[in-house]
Amino acid sequence: MPSTETTRSEPLQEPLKALLGGNTAKVMSEHLGLRTVGDLLHHYPRRYAERGELTRLAELPLDEHVTVVARVHDARVHKFNRGKGQRLEVTLTDGSGRLQIVFFGRSVHFHQRQLLPGKRGMFAGKVGVFNRKLQLSHPDYKLLDEDSDQQAVEQFAGALLPLYPACKQLSSWSIEQSVGMVLNALQATDWRGLTDPLPDALREQRGLVDLPEAFEKIHRPRSKADIAEARDRLKWDEAFVLQVALARRRAKETELPAVPRRPVSGGLLDAFDARLPFTLTEGQREVSREIFADLATEHPMHRLLQGEVGSGKTMVALRAMLATVDAGGQAAMLAPTEVLAQQHHRSITEMMGELAEGGMLGGAEQGTKVVLLTGSMGAAARRRALLDLATGEAGIVVGTHALIEDKVTFHDLGLVVVDEQHRFGVEQRDALRSKGKQPPHLLVMTATPIPRTVAMTVFGDLETSVLDQLPAGRSPIATHVVPVRDKPHFLARAWERVREETEAGHQTYVVCPRIGDLDDEPGAPAKGAGGRRRPAENPENPENAEETEEAAGLLAEAPDEGADSEEKRPPLAVLDIAEQLASGPLAGLRVEPLHGRMQPEAKDEVMRRFAAGEVDVLVATTVIEVGVNVPNATGMVIMDADRFGVSQLHQLRGRVGRGSAPGLCLLVTDMPQESPARARLEAVAATLDGFELSRIDLEQRREGDVLGQAQSGVRSSLRMLAVIEDEEVIAEARDEATALVAADPELEQHPELRTALDALLDEEREEYLDKG
């Protein structure tokens, strides 16, 4: 497991510089986050190459550092800049595809003498694209010459060659050499002082190899069976130690006092249910029963409510809040934006009617007061709301981050509801929960959980309720990827579809990642020579822009021949696209922009007119992601869709199909078909299930750190375990960990396990885990 400073006798805690020398240790620390012997031994190979195996070049990930095994097909020197410059272009092949490597400057002829056709070797570098060809620029390489270097060939013959996650400063085979030195040093001392976190009985029962053997087999395997045995053991290490940490936290939570909040017969909840003009769905009733059971316990509820946009999550949450008020407590709903907070407040007061006017003239006898608290409220309204919360006159408050401020006090906070939980950090949620006299119950709601949330549900640390029924009156949404790189004419067809929606009496959103007016935006890239703007870097878009005129002129032009191939065009902008659409493919339609830099009154006016049907096409940023409800809007075109995350795309898509007419969402991208970004978009197009999308997102991006510290730049605690793929291992480890902690809460009989936990859970992670 990843380690922190514990005891000097533990060999995995030894600093790397003691074994590898200062320079190598410094590079590993600064560029790979590897500081101790344990860190390096848990830096596992990404995959293994076999002698005779040819790596599939067709599957190389763009914009990532890779190591490939391939043969030189040809090598040619090209002159440029009127003969003053030269570059060596070498074509590698593996039977499935080709890869170009390129060298510039004085080293050209040296590399030309080395890289002769037919030579086989390992090549490491960052995958880029130039002239639509995959390319490594100035890669590091090591030749495997069957004729002149027989010893090197024999070294690889019959063995599996580990290929490690590497960096520009340190190649895969350099890491392999360092791992070998560390393993040899530990073997020389017979692994003296090593603590094994798995209890012997558990290891023997599961048929798992011991820890030294697992390290040897994962880094220096003689067969694929060695790798499988090592992986089985190391996965169990991660799953079991994490589950012990979580089991101890769950045990502590059951000891935390919380006030049971049981619904009262004939109270506010019953009065509310009686005035509903519709019948709750079976899903809503079932989820409510789960929540009410949690609220009735004497320790804090910690539950995730996952449901599609409009599936009735707010109704379920409101009934939980009313039950809390019936039981003498107060409930707070935390929303990420003022727009959404205002919408929730409005919809809750409308649904409750006179029940939301407790203590007011005309209010119901068993009613309560529902207040709104946001940062932009006037001083008088704010003082009144704060007083209502402090005295307990307001049973329900809906607000933004303003709820977290120190001056906000509650009479008796019993339930915290967090909407769109992916918009809030653990610290923010915890700050609101700390306002209760005793820990309040917590309900978090989302349409698309973030990967860490999915990981926590897989680990069994977050109880989950799912609303999977499409509410009455909602229509399905068809989603399609518009790949302008492969099929530029598809974009022209997209604008035709927008016209068709308008002619049918409907409206469309066009979403862009950026506002526009590049020179005025914070961090805007400077203009290049001749007034051309230098394209902005964007980590989510690993491609150069090589667009075509057929794409309706709405995607940037390709860089000039000879331009820096690392440069990328800036994301498409609302102001530019709105102007181009209004004068081009959507001429004659009522097209208007909407973005966050507009004055609040101007934004409200544009949204009012769009809602009233006075605007045909709204070109906007993600300001429309939440809190916007226009049932007549049936179409959405998301430009540069690859620049958005899965959760955002799913949220945006939820803005259409809210009425009786079916919705259409088009995801426009210039990413090549083999790119991870394109695969992400195809996944979004393939399903409307938000939880399934989060699982896909988790498989692609990993989970972040389940224990929280990777959120602030430190490596994840999961190196071998894949949360989705290894669900069964995680579940079995939970059962074992729960039983062990129940029998030995302080781990007095398991000192090695306690040592492993101390290494895993430093003070910061322990605090993060306690907050949940």
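# A guided tour of the chain

Begin by selecting Phe103, Phe123 and Tyr141, which together form one aromatic cluster. The model you have open is a predicted one, and the structure as a whole holds 5 aromatic pairs. Keep Phe103 and Tyr141 on screen, because a pair of aromatic rings is described by the distance of the centres and the angle of the planes. For Phe103 and Tyr141 the centres are 6.1 Å apart and the planes stand at 75°, an edge-to-face arrangement. Now colour strand E4 (residues 98-104), which holds Phe103, and strand E7 (residues 140-143), which holds Tyr141; the pair therefore ties together parts that are 38 residues apart in sequence. Are these two residues buried or exposed? Since buried means under 20% relative accessible area, Phe103 counts as buried at 1%, and Tyr141 also counts as buried at 15%.

**The whole chain**

Next, zoom out and show the chain as a cartoon, where you can look for 25 helices and 21 strands. Of the 772 residues in the chain, 54% count as buried. Among contacts between residues at least 6 apart in sequence, 73% join residues at least 24 apart.

**The nonpolar cores**

In soluble globular proteins, nonpolar side chains tend to be buried together. To see this chain's largest nonpolar core, which has 39 residues, select Met321, Met352 and Leu415, the ones with the most contacts inside it. Then add helix H12 (residues 313-326), which supplies the largest share of this core with 9 residues. A second core, separate from it and made of 32 residues, can be found by selecting some of its members, including Met28, Val37, Leu170 and Ile227.

Return to Met352 and ask which residues it touches, leaving aside those up to four places away in sequence. Met352 touches Phe272, Arg275, Leu318, Leu322, Thr368, Val370 and Ile396.

From there, move to Leu334, which has its place in strand E10 (residues 330-334) and which, at 0% relative accessibility, counts as buried. Add Glu420 and draw a line between the two C-alpha atoms: Leu334 and Glu420 are 86 residues apart in sequence, but 8.9 Å apart in space.

**The parallel sheet**

Now select the 6 strands of an open sheet, which follow the order E16-E21-E20-E17-E19-E18 with parallel pairing. At the edges you will find strand E16 (477-483) and strand E18 (591-594), each of which pairs on one side only. If you turn the view, you can follow how neighbouring strands of this sheet are turned by 20° against each other on average, direction ignored.

Within the sheet, look at strand E17 (residues 507-511) and strand E19 (residues 617-620), which run parallel and are joined by 4 bridges. What is the bridge partner of Thr508 in E19? Select Val617, which is that partner. Then show helix H19 (residues 600-611), which lies across E17, E18, E19 and strand E20 (633-638) and runs at about 140° to E18.

**Confidence**

Finally, colour the chain by pLDDT, whose mean is 79, with 78% of the residues reaching 70 or more. Confidence is highest in E17, at 95, and lowest in helix H5 (residues 150-156), at a mean of 49. Select residues 1-8 as well, where pLDDT stays under 50 and the model has 31 contacts beyond four places in sequence. Where pLDDT is low, the predicted coordinates should not be read in detail.

How values were computed. Residues numbered from 1 in each chain as written. Predicted model: local features only at pLDDT ≥ 70, side-chain atom pairs only at ≥ 80, totals over all residues. Heavy atoms only, no water. Core = buried A, V, L, I, M, F, W, Y, C linked by side-chain atoms within 4.5 Å. Buried < 20%, exposed > 50% of the residue type's maximum accessible area, 1.4 Å probe, protein only. Helix = DSSP H or I, 4+ residues; strand = E, 2+ residues; numbered from the N terminus. Contact = heavy atoms within 4.5 Å. Phe/Tyr/Trp six-rings, centres within 6.5 Å; stacked < 30°, edge-to-face > 60°. Pairing = 2+ DSSP bridges. Axes fitted to C-alpha atoms, helices over the stretch in contact; angles between N-to-C directions. pLDDT = per-residue confidence, 0-100.
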